[in-house]
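Trainee: Hi, I've just opened this one and I'm new to it. Could you walk me through it?
Mentor: Happy to! Let's bring it up first.

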Amino acid sequence: MNRTWPGHKQQFDLEGYTIVKGLLSGAQVEEIKETFMGIHREGPIPGYFHPVAAAEAAEDILKQYPRVMHPHRFHETAKRYMLHPGVFDVLAQLLEEEPIAAQSMFYFKPPGAKGQALHQDNFYLKVEPGTCIAAWMAIDPSDEENGGIMLVPKSNSLDIECPHLADPTVSFTKEEVTVPDGMKIVSTRLEAGDVLFFNGSVIHGSYPNRSPDRFRRSFICHYTGISARRIGQYYNPLYTRNGQHLELEWNEDAGPCGSEFEQPAEAH
């Protein structure tokens, strides 16, 4: 019988997020870490990963350690963890239906890296009906100093908010959403192996990594429910828990904010 998480479901429905402690074992965390450090050592992967040498990066450390986008499309270990049975079991309870996987990403976030301004994931994924859910898997301990996630509880009740331009000195992306009156930002603290789940309408972002010596590596995947019919053009094919491919209709609607900021999702 699958494990149940009734308290997590209650928090997720009320506040839009929940943290499942120790969902990944220590050995699993190490396998993910070593997989992506190996990908970094081996160099660029056209279309997915584009690091540059220190001299070319100048003072932007994220150019040396950029995000790895959609690694499940070229690496079986990444695909296996995107389809992690424990993650799928939690998602099935949160969604109240069978999940399907849409996206994977890996973030190195070394010391000195910028953060990401507040945003909402379904602005990018454009799932309809319903929304997406992120599973944010901590590969290192994560806190405010080394660039941990900040989020706005209960913002899951909001529609998609139109962004304005973010401050490029602290954020590596250009979109920023304003926190509505009456809501506030909270910081998260995660240990390696913890998984943060949050609704696609939840306003969230990350702090710059101000630690002198700590990475904040994370493996992040996005999912939706089997009842979804449309999604943004960058996310097909999706995957069931047993790895079967699914194609959803491309959602070509620019949404309530128009197309000024439209781009592939590169969150967190």
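**Rings, a helix, a sheet and cysteines**

Mentor: Keep in mind that this is a predicted model. Let's start with the rings: the count comes to 11 aromatic pairs.

Trainee: How is the pair of Phe-36 and Phe-106 arranged?
Mentor: Phe-36 and Phe-106 are stacked, with 4.1 Å centre to centre and 0° between the planes. Phe-36 belongs to helix 2 and Phe-106 to strand 3, so this pair links distant parts of the chain, 70 residues apart.

Trainee: Are those two rings buried or exposed?
Mentor: Phe-36 is buried, with a relative accessible area of 2%. Phe-106 is buried too, at 0%.

Trainee: And what about Phe-36 with Phe-219?
Mentor: That aromatic pair is tilted, at 5.8 Å centre to centre and 35° between the planes. Since Phe-36 lies in helix 2 and Phe-219 in strand 12, the pair ties together parts that are 183 residues apart in sequence. Phe-219 counts as buried, at 1% relative accessibility.

Trainee: Which residues do ring pairs link into a cluster?
Mentor: The cluster is made of Phe-36, Phe-49, Tyr-65, Phe-106, Phe-108, Phe-215 and Phe-219. Phe-215 also has a charge over its ring: the charged end of Arg-217 sits there, 4.8 Å from the ring centre.

Trainee: Back to helix 2. What span should its 17 residues have?
Mentor: Helix 2 covers residues 26-42 and, at 1.5 Å a residue, should span 24 Å. Its end C-alpha atoms are 24 Å apart, which agrees. After helix 2 comes Gly-43, with a positive phi near 95°.

Trainee: Which residues of helix 2 are buried?
Mentor: Among them are Val-29, Ile-32, Phe-36, Met-37 and Ile-39. Lys-33 and His-40 are on that list as well.

Trainee: What covers them?
Mentor: The cover includes helix 4 (61-64), helix 5 (76-82), strand 2 (68-69), strand 3 (99-107), strand 5 (133-138) and strand 12 (218-225).

Trainee: New topic: sheets. What is the strand order in the open sheet of four strands?
Mentor: The order is 4-11-6-9, and the pairing is antiparallel. Strand 4 (116-119) and strand 9 (186-187) stand at the edges, each with a single partner strand, so one side of each has no neighbour in the sheet.

Trainee: How many bridges join strand 4 to strand 11?
Mentor: Two bridges join them, and strand 11 takes in residues 204-206. As an example, Gln-116 has Ser-206 in strand 11 as its bridge partner.

Trainee: What about cysteines? Which ones does a disulfide join?
Mentor: The structure holds one disulfide. Cys-162 is joined to Cys-257, with the sulfurs 2.3 Å apart. Cys-162 lies in the loop between strand 6 (149-151) and strand 7 (164-165), while Cys-257 is in the segment after strand 16 (249-250), so the pair ties together parts 95 residues apart in sequence.

Trainee: Why is the disulfide left-handed?
Mentor: Because the torsion about the S-S bond of Cys-162 and Cys-257 is about -95°. As for accessibility, Cys-162 counts as partly exposed, at 44%.

Trainee: Why is there no bond between Cys-132 and Cys-221?
Mentor: The sulfur of Cys-132 is 12 Å from the closest cysteine sulfur, in Cys-221, and that is too far for a bond. Cys-221 is in no disulfide.

Trainee: And are Cys-132 and Cys-221 buried or exposed?
Mentor: Cys-132 is buried, with a relative accessible area of 1%. Cys-221 counts as buried too, at 0%.

Methods: Residues are numbered from 1 along each chain as its sequence is written. This is a predicted model: local features need pLDDT of at least 70, side-chain atom pairs count only at pLDDT 80 or more; totals for chains, interfaces and linings use all residues. Side-chain values use heavy atoms; hydrogens and water are left out. A disulfide is a pair of cysteine sulfur atoms within 2.5 Å. Buried means under 20% relative accessible area, exposed over 50%, partly exposed in between (1.4 Å probe, protein chains only). Two strands pair if DSSP finds at least two bridges between them. The expected span of a helix is 1.5 Å times one less than its number of residues. Contact means heavy atoms within 4.5 Å. Rings of Phe, Tyr and Trp (its six-membered ring) pair if their centres lie within 6.5 Å; planes under 30 degrees apart count as stacked, over 60 as edge-to-face and the rest as tilted. A charge sits over a ring if NZ of Lys or CZ of Arg is within 6 Å of the ring centre and within 35 degrees of the ring normal.
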